[in-house]
Amino acid sequence: MSEVQVSEAEIAVHWQEEGYFYPPAKFIGQANANDPAIRERFAEKNFPECFKEYADLLTWDKYWHTTLDTSKAPFWKWFVGGKLNASFNCVDRHLAKYRNKAAFVWVPEPEDQVTQAITYQELYRRVNEMAALLRDYCGLKTGDRVTLHLPMVPDLPVTMLACARLGVIHSEVFGGFSGAACGGRIADSQSKILITMDAYYRNGELLDHKVKADEALAVAEKEGQKVDKVLIWQRHAGTYSSKTPMVKGRDFIVNDVLQEYKGKIVEPVSMPAEAPLFLMYTSGTTAKPKGAQHSTGGYLSYVAGTSKYYQDIHPEDTYWCFADIGWITGHSYIVYGPLALAATSVMYEGVPTYPDPGRPWRIAERLGVNIFHTAPTTIRMLRKLGPDEPKKYNYHFKHMTTVGEPIEPEVWRWYHHSVGKDEAVIVDTWWQTENGGFLCSTLPAFDKMKPGSAGPPVLGIYPTILDEQGNEVPRGSGKAGNICIRNPWPGIFQTVWGDPDRFVSTYYAKYNKKKDSTDWRDWPYFAGDGALQAEDGYFRILGRVDDVINVAGHRLGTKELESAALTVDEIAEAAAVPVIDDTRGRAVEMYIALKPGLKPDKQIEDKVSAAIDKLIGKIARPKNVWIVPDMPKTRSGKIMRRVIAGISNFTSPGDITTLANPEIVETIKHHVESEKVKSGQTPRELSQAEMEEIKAFGRVE
Ligand code: WT7
């Protein structure tokens, strides 16, 4: 095995620098952030007071006295002394001016069901009635936790805002997660109440969802947490759409109970700025999930500020964030951020391609959506299944967002040209569940765009790239390392629920040299992503640091390999995984899915190898290229690389119960294993450590 000595943090980088795109003049003219002095206002010398500008977007019951308290570092406290209520800020205060404006426009998945516009007045009513029910029927009070396991229906934000009204901490578990996953989170947060739904539509089917509640309660009980009440919203009010029996004395239909609370008004509880607003568990299949605890004042200020300047939301816009509220993106950029700004926020129940890949563009056309926000996985899916659909519909976006993983420049360009019709500005926003809101992004009216780069840090964020020893990688050098944020910001989570040690050890211990320091400069936040900063100051995110394939000492980023594969015309999706190799340590294997209508063909495989050869180098040439019908994906759309890594190495693909398409695993496994056996590639027995490495590869949590 040839040895190239590299630091663990350093990933070999072969990306070519992309050319720039410029924000359209029409966008610049109307942008919220149009004063060039804004960067100066958020310059490091003005930290932390600069964030007053975000906090001032909110209505406070009591103004704060200390902007940032670092006395218990790294447990930062923002806007100390201040009091406010999140539900009041997202609903009540808009009534005077926007009573009759839609807060949400909800689009059911079946196209023959009617779209629902919920005005701020109607939202106010629903939130108050639900708050009354939670308080008086369930006995919930300030500081209690309640677990929500709700799909993309208006009852979800209504329930969240009802909790916020009472200072009850909500913990929404993504609707697509299993009952067992929900149960673990109920136990961890010690919730006594579960709020769920009987059924919801997905891909044309009315799925039984209540069935998961029974499983969740069993798991929670095994872990020591007993749930007193299960509240069940009905997907079709008045009808129970689940085959699962109701448990007497435990299960209650929300729609029925609510009748007793018609017209009830609940005074919003004035909460300290540092009171927790909600928990958001980072999805996990192996390690125990972490409950990221987000604050009321800091979080709400941060999502309001970034929604205003980076999403460019004005009250008159129709804003559609095509994500699930069960993820942090939905909490911050479907519910709290947009509603704090009195926006009209579109919610869609179902899958992007139901009943056909023109659906999103029909919704956009019909509702007059002008701001569109989604993830690369959705963009790739729509590009794969309906590359020419957008032009059939008459909608116009001024602004589009991509979030969740690095976007391949090829895919970015399709998004810009085909979806955005060359007239929208794009922001590529890098951040994490733990962060509350954006960390890197171009400022849409000011910065040129560079496909595949998140761009400069957002206002008030000062990142750095560190090597394994904690030395700064020279700024603008294009060298990879671990991206860290040097300073606290109002949106950062407060702790891991119930496990402050894990909070410190996972995110801060790595680069902290003085444990007792109360100076924020001693506590860089370790994000766990590899990144580089180009000469122009733009950050390019290379993916999780544990997603790297080490070929003969060269640390190759999976994203870079996948991006090279995507330059081949025929390719719709690509995933790179390591295979244990006795000469090179690890070799690369590529899995690819083709655009529709194309048949697997040796020539396409060769083109992929040639593209990787050319763009990255011979060292990265894949040992095998496997053309597969689809990638194993989580319900959030992330490719589960560990599953195909398991197949490539003849080990178990591991737990596949959280996949959206578990059936694909057997198909891929059969194909790959039989081809490998045919060509004499049966591997030796793997060591325990090798097996562990494959099992943990490309973890999505
Ligand atoms: C991880 C966090 C933040 C909401 C959705 C994901 C990756 C996120 C980008 C981006 C490159 C990105 C990172 C990060 N990621 N956005 N624009 N470019 N990578 O939240 O599930 O907590 O995942 O997603 O690797 O660490 P999450």
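Okay, let's start with what I mean by empty space: on a 1 Å grid over the protein atoms alone, a cavity is a set of points where a 1.4 Å probe fits but cannot get out, while a pocket is an open set with protein on both sides within 12 Å along at least five of seven lines, and lining residues have an atom within 4 Å of a point. Points are joined across faces, edges and corners, and a volume is the space filled by probe spheres set on them.

Quick housekeeping. This is a predicted model, so local features need pLDDT of at least 70 and side-chain atom pairs count only at pLDDT 80 or more, though totals for chains, interfaces and linings use all residues. Numbering runs from 1 along each chain as its sequence is written, and side-chain values use heavy atoms, with hydrogens and water left out.

So, how many cavities of 30 Å³ or more does the structure hold? Seven. The largest cavity comes out at about 80 Å³, and its lining includes Trp-76, Lys-77, Trp-78, Phe-493 and Gln-494. That lining divides into six nonpolar, three polar and two charged residues (Ala, Val, Leu, Ile, Met, Phe, Trp, Tyr, Cys and Pro count as nonpolar, Asp, Glu, Lys and Arg as charged, and the others, Gly among them, as polar).

On to pockets. The second largest pocket has a volume of about 430 Å³ and 21 lining residues, with Arg-126, Asp-155, Trp-233, Ala-237 and Asn-255 nearest its centre. Helix H6, residues 120-137, gives the largest share of that lining, four residues. (Helices, H or I with at least four residues, and strands, E with at least two, are DSSP runs numbered from the N terminus.) By class, this pocket's lining has nine nonpolar, five polar and seven charged residues.

Now the sheets. Two strands pair if DSSP finds at least two bridges between them. One open sheet has three strands in the order E28-E29-E30, with mixed pairing. Its edge strands are E28 (571-581) and E30 (624-627), each pairing on one side only. Neighbours in this sheet are turned by 25° against each other on average, direction ignored. For angles, axes are lines fitted to C-alpha atoms, for helices over the stretch in contact, and values run from 0 to 180 degrees between N-to-C directions. E28 and E29 (residues 585-594) run antiparallel, joined by 10 bridges, and Ala-576 stands opposite Met-590 in E29. Helix H14 (residues 376-385) packs on this sheet, touching E28 and E29, and its direction makes about 120° with that of E28; contact here means heavy atoms within 4.5 Å. Helix H19 (residues 641-648) lies across E28, E29 and E30 at about 50° to E28.

Next, rings. Phe, Tyr and Trp rings (the six-membered one for Trp) pair if their centres lie within 6.5 Å; planes under 30 degrees apart are stacked, over 60 edge-to-face, and the rest tilted. The whole structure has 48 aromatic pairs. Take Phe-75 and Phe-503: the centres are 5.0 Å apart and the planes sit at 35°, so the pair is tilted. Phe-75 is in the loop between strands E1 (66-69) and E2 (77-80) and Phe-503 is in helix H16 (residues 500-507), so the pair ties together parts that are 428 residues apart in sequence.

Last, some backbone oddities. Most residues other than glycine have a negative phi, and most peptide bonds are trans. Here, the bond from Phe-47 to Pro-48 is cis, with omega near 0°, and another cis bond joins Tyr-354 and Pro-355, with omega about -5°. Gln-190 has a positive phi, near 55°.
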